[in-house]
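Me: Please take a close look at one part of this structure, the strands around its centre of interest, and describe in a connected account how they pair and what surrounds them.

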Amino acid sequence: MRNIGYRIRLPTKLNEQEEFISRYSCYFNTFEVKVKDNIICTSCIKNIVMLTKRYLITVPSFHIIKDALYNQISLEKSKIFIKTLKEIESDLPIFLVTHYLPKKVYNSELSKEINNSNFILALENIEVNEDILDYLDGLKCTATILGAKVCLDIGHLLFSISKCKENETQILGKIANDTWWKENVVEIHLHDFDLQGCHLNIGKGNIDFRLIAPFINLFPNVSIILETTIDDLSVQGIAEVETLIEELAKYDNMRNF
C-alpha cells in the first residue's frame, strides 16, 4: 500500500497536537510538517516525534526552511532544528525537504550533517518560467554533489512545463527514462494547477491523469504528499485520496514512457 498523506498545519499547543495526529492517523499514514519558528523548540519537536511513533506515521517529512542550503541565517536555524531532532530521535527515518534554486552557492555543511544520520535530505523542484530542462539538470547535478535525494513536486513541474511552453510528454519522458531520477526520487508532492498557479485541489485544475498517473506509477514505493487546500481532511481529504488512488489504479498498466 502506497503511503499517501498531507502537508499538515499542526496546532501550537502540545495537547492539541496529539488530538490532531491521533485523528489524522485514522485516515492517512504519512505527513509533512513545514518547519516554522513555532515548532523549532525542543518540546514541540520531541512531541511530534513521539506522536509519529505512537500513531504509526510512516517516514514523516519535515519541510525545512526553503533557502536553508544557501542562506546563512536559514542555515543556522536549520542546524539547530536538525541537531535537536537527532538528539531526540536518531534512528527514525525522516525526510528533510528544502527547495532547489539555480545559480546559488550551496553550503554543504548542512547536507553533511544530515547525511551522517538516518535522515534523508531531499531537494524539491520549484516553479520556473523558463529553461525547465536546464533547471532539472541543475537540480540533478546539485543533488549529486550534496549527496541528496529529490522531492519531485509534480504540481510545480507541470506548471513550469506549461509556463515554459514545453511538451509534457517529452519532459516527463526525459525523467522517466533516466535511471538517476528513478533511483533518487524519495517523495512526491502532488497538487493541481492552472495558468494562474499551483496548490489547487485535485480535479480543480489542468492535471491529466491519463498522462500523469502512469508517470507517478513509475515510482511505486514513493510516498505522496498532497499539498492542496482541503478544509476538512476527514471528509474532503479522504475523498481526494480515494480519487487519487482510483486514478492511479485505472492507469496502472499503461506504458506511456
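Reply:

**Strand β4 and its surroundings**

In this predicted model, Leu96 has Leu121 as its bridge partner in β5. That contact belongs to a parallel pairing in which six bridges join β4 to strand β5 (residues 120-125). Between these two strands the chain passes through helix α4 (residues 108-115), and the resulting β-α-β crossover is right-handed.

Leu96 is also the bridge partner, in β4, of Phe62. The pairing concerned is that of β3 with β4, which is parallel and comprises three bridges. Here too the connection is a right-handed β-α-β unit, made of β3, α3 and β4. As for burial, six of the six residues of strand β4 (residues 95-100) are buried, so the strand is largely enclosed by the rest of the structure.

Phe62 leads on to the aromatic residues. A search of the whole structure finds eleven aromatic pairs. In one of them, Phe62 and Phe81 meet edge-to-face, with 5.3 Å from centre to centre and 65 degrees between the planes. This pair links distant parts of the chain, since Phe62 lies in strand β3 (residues 61-63) and Phe81 in helix α3 (residues 72-88), 19 residues apart. Both partners are covered: Phe62 is buried with a relative accessible area of 2%, and Phe81 counts as buried at 1% relative accessibility.

A second region for comparison is strand β1 (residues 4-8), where four of the five residues are buried. β1 pairs in the parallel sense with strand β10 (residues 223-226) over three bridges, and Gly5 stands opposite Ile225 of β10. With strand β2 (residues 31-34), β1 again forms a parallel pairing over three bridges; in this case Ile8 stands opposite Val33 of β2. β1, helix α1 (residues 14-24) and β2 together make a right-handed β-α-β unit.

Within α1, the buried residues include Gln17, Phe20, Ile21 and Tyr24. Viewed down the axis of α1, its buried residues fall within an arc of 90 degrees, so they line one face of the helix. An α-helix has 3.6 residues a turn, so residues three or four places apart point the same way. Among the elements that cover the buried residues of α1 are β1, β2, α2 (42-54) and α10 (233-250). Aromatic rings recur in this region: ring pairs link Tyr6, Phe20, Tyr24, Tyr27, Phe28 and Phe31 into a cluster.

The cysteines can be added to this account. The structure holds zero disulfides. Cys44 is in no disulfide, and the nearest cysteine sulfur, that of Cys41, is 4.8 Å away; Cys44 is buried, with a relative accessible area of 1%. Cys164 is likewise in no disulfide, the nearest cysteine sulfur being that of Cys198 at 12 Å. Cys164 is buried, with a relative accessible area of 15%.

An exposed residue offers a contrast. Lys204 is placed in the loop between β9 (197-200) and α9 (209-216), and at 64% relative accessibility Lys204 counts as exposed. Its C-alpha atom is separated by 6.5 Å from that of Asp192, although the two residues are twelve apart along the chain.

Technical notes:
Residues numbered from 1 in each chain as written. Predicted model: local features only at pLDDT ≥ 70, side-chain atom pairs only at ≥ 80, totals over all residues. Heavy atoms only, no water. Buried < 20%, exposed > 50% of the residue type's maximum accessible area, 1.4 Å probe, protein only. Pairing = 2+ DSSP bridges. Right-handed = clockwise from strand over helix to strand, strands pointing away. Arc of directions from axis to C-beta. Contact = heavy atoms within 4.5 Å. Disulfide = S-S within 2.5 Å. Phe/Tyr/Trp six-rings, centres within 6.5 Å; stacked < 30°, edge-to-face > 60°.
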